Amino acid sequence: MNQSFGQLIREARKDKGFSQRELAKLIGLDFTYLSKLENDRADYPPKEDVIRSLAQHLDLNEEELIFLAGRIPQRDEDFIKQNYKGMPALFRRMQENPDFAKRVFREATQPENEEKQG
């Protein structure tokens, strides 16, 4: 299930019973911008605080939504800057070798999955 940022927030908004105008007012956005976001036609992704607010009102995972919007959470951005020399090689290797990427993601999420189950 690969949804775009816009598809995900539109579906979540409808599931919560919000109109675009209602949700935009709660978030403090112009509803035309929210409409563009939902249709993946916005010229730029929303700022991190807007995405976090959307996630909170729509019961979505804030950090996953930030990445789906094409942004990097501030705390992760700091980590990337600290490790800037290795990041290009890591991303290139993950893109060129899907099995390696799957192993990295499995290892990265394993403690979280164990916490959720335990």
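**Exercise 1. Locate Asp40 in the chain, then describe its backbone and exposure.**

Step 1. Asp40 sits in the loop between α3 (31-38) and α4 (48-58). Helices here are DSSP runs (H or I, at least four residues), numbered from the N terminus.

Step 2. The model is predicted: local features need pLDDT of at least 70, side-chain atom pairs count only at pLDDT 80 or more, and totals for chains, interfaces and linings use all residues. Residues are numbered from 1 along each chain as its sequence is written, and side-chain values use heavy atoms, with hydrogens and water left out.

Step 3. Check the backbone. Asp40 is not a glycine, yet its phi is positive, about 55°. Most residues other than glycine have a negative phi.

Step 4. Check the exposure. Asp40 has a relative accessible area of 45%, so it is partly exposed. The cut-offs are under 20% for buried, over 50% for exposed, and partly exposed in between (1.4 Å probe, protein chains only).

**Exercise 2. Find what covers the buried residues of α4, and say what happens just after this helix.**

Step 1. List the buried residues. In α4 they are Val50, Ile51, Ser53, Leu54, Ala55 and Leu58.

Step 2. Look at the cover. It includes α1 (5-16), α2 (20-27), α3 and α5.

Step 3. Move past the helix end. Just after α4, Asp59 takes a positive phi of about 55°. Asp59 belongs to the loop between α4 and α5. Its relative accessible area is 57%, so Asp59 is exposed.

**Exercise 3. Search the whole structure for aromatic pairs and classify what you find.**

Step 1. Apply the rule. Rings of Phe, Tyr and Trp (its six-membered ring) pair if their centres lie within 6.5 Å; planes under 30 degrees apart count as stacked, over 60 as edge-to-face and the rest as tilted.

Step 2. Count. The search finds one aromatic pair.

Step 3. Classify. The ring centres of Tyr33 and Tyr44 are 5.2 Å apart and the planes lie at 20°, so the pair is stacked.

Step 4. Place the partners. Tyr33 is in helix α3 and Tyr44 in the loop between α3 and α4, so the pair ties together parts eleven residues apart in sequence.

Step 5. Compare the exposure. Tyr33 is buried, at 12% relative accessible area. Tyr44 is exposed, at 51%.

**Exercise 4. Name the rings that the charged ends of Arg21 and Arg93 sit over.**

Step 1. Use the cut-offs. NZ of Lys or CZ of Arg must be within 6 Å of the ring centre and within 35 degrees of the ring normal.

Step 2. Take Arg21. Its charged end sits over the ring of Phe31, 3.7 Å from the centre.

Step 3. Take Arg93. Its charged end sits over the ring of Phe100, 3.9 Å from the centre.

**Exercise 5. Describe the surroundings of Leu68 and Asp76.**

Step 1. Start with Leu68. It lies in helix α5 (residues 62-68). Leu68 is partly exposed, at 35% relative accessible area.

Step 2. Find its contacts (heavy atoms within 4.5 Å). Leaving aside neighbours within four places in sequence, Leu68 touches Gln3, Ser4, Phe5 and Leu8.

Step 3. Go on to Asp76. It lies in helix α6 (residues 74-82). At 18% relative accessibility, Asp76 counts as buried.

Step 4. Find its contacts. Not counting residues up to four places away in sequence, Asp76 touches Glu63 and Phe67.

Definitions and conventions: Helix = DSSP H or I, 4+ residues; strand = E, 2+ residues; numbered from the N terminus.
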